[in-house]
Amino acid sequence: MVTDTYRHKGMRQKLVQGLKKKGILDESILEAMMSLPRHFFLDKAFEDWAYQDKAFPIDCDQTISQPYTVAYQTMLLELKKGEKVLEIGTGSGYQAAILHLLGARVFSIERHQKLYEQTTEILKKHGFDHIRTYHGDGYEGLEKMAPFDKILLTAAATEIPQKLVEQLKSGGKMVLPLGDLDIQKMVRITKTANGSIQKEVFDDFVFVPFVRGVE
Ligand code: SAH
């Protein structure tokens, strides 16, 4: 059983202080990141590094996002308690757990069967049974649970995925890294009442690619 110790808490405090210095000022996000043991979501081999502000490898050649990136995307979502959120790219489950801690009703899709199974298990083990995980292709969204207040894409898209826009509520927002494979802009889409979209463009990031189909 993986435990959370004072040593981990100390490292986490430093991580959160670092995030503040980098411009993450939303107290509820900082609190969620302070309370969530990131080492629960990483291989034991990375335990000592879990609180560095870096992305790390997970299974299936994927990555757990950098804490700064998790905080940044979460901030742009402007979550309110009880909102229905679809995350595309469950990966390690860390981002999904942060959304849950902020009071969202979280639905998360992963294309890799192995990651889906492992992460569903990890989330359960640590008491995050309310997060609903799915094995599937995020390009399709999650029609049966739509519409969503917010959609968060945690893999790099080369264009705005139309099916996901369709699954947003009117007034809903989607945050996604959009651009080339080597670098993307963080983008926020807001769906207006007449179904058109407004687009805001933020900083540069690098994500693993948003890939079609399942494995
Ligand atoms: N949110 C994750 C980040 C994982 S990296 C975390 O906190 O750890 C992005 C994830 O998106 C990878 O696990 C990758 O397999 C997944 N992914 C890529 N394309 C996808 C698709 N079409 N549908 C679902 N998941 C996808």
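**Around the ligand and along the chain**

Reader: How far is a polar side-chain atom of Thr154 from a nitrogen atom of the ligand?
Author: Bear in mind that this is a predicted model, where local features need pLDDT of at least 70 and side-chain atom pairs count only at pLDDT 80 or more, while totals for chains, interfaces and linings use all residues. Residues are numbered from 1 along each chain as its sequence is written, and side-chain values use heavy atoms, leaving out hydrogens and water. A polar contact here is a pair of N or O atoms within 3.5 Å. For Thr154, the distance to that ligand nitrogen is 3.2 Å.

Reader: Which residue has a polar side-chain atom 2.6 Å from an oxygen atom of the ligand?
Author: Asp137 can be set aside, since its side-chain N or O atom pairs with a nitrogen atom of the ligand, at 2.9 Å. The ligand oxygen has its partner at 2.6 Å in the side chain of Glu110.

Reader: And how much of the ligand's area does the protein bury?
Author: Accessible areas come from the Shrake-Rupley method with a 1.4 Å probe. Taken alone, the ligand exposes 580 Å². The buried share of that is 99%.

Reader: Where does the ligand sit?
Author: A pocket is an open set of points on a 1 Å grid over the protein atoms alone, where a 1.4 Å probe fits and protein lies on both sides within 12 Å along at least five of seven lines. Sitting in one takes more than half of the molecule's atoms within 2 Å of its grid points. By that test, the ligand is in the largest pocket.

Reader: Which element gives the most residues to the shell around the ligand?
Author: Helices (at least four residues) and strands (at least two) are DSSP runs. Strand E2 (62-64), helix H4 (94-101) and strand E4 (105-110) each give two or more residues to the shell. With 3 residues, the top contributor is E2.

Reader: How many charged residues does that shell have?
Author: A residue belongs to the surroundings if one of its heavy atoms lies within 4 Å of the ligand, and there are 26 of them. By class, there are 10 nonpolar and 12 polar ones. The charged count is 4.

Reader: What about the whole chain: what is its radius of gyration?
Author: The chain has 6 helices and 9 strands. The globule rule (2.2 Å times the number of residues to the power 0.38, with the radius taken over C-alpha atoms) gives 17 Å for 215 residues. The chain comes close to that, so it is as compact as a globular protein of that length, with a radius of gyration of 16 Å.

Note on methods
A polar contact is a pair of N or O atoms within 3.5 Å; within protein, one must be able to donate a hydrogen and the other to accept it, and residues adjacent in sequence count only if both atoms are side-chain atoms. On a 1 Å grid over the protein atoms alone, a cavity is a set of points where a 1.4 Å probe fits but cannot get out, and a pocket is an open set with protein on both sides within 12 Å along at least five of seven lines; lining residues have an atom within 4 Å of a point. Ala, Val, Leu, Ile, Met, Phe, Trp, Tyr, Cys and Pro count as nonpolar, Asp, Glu, Lys and Arg as charged, and the others, Gly among them, as polar.
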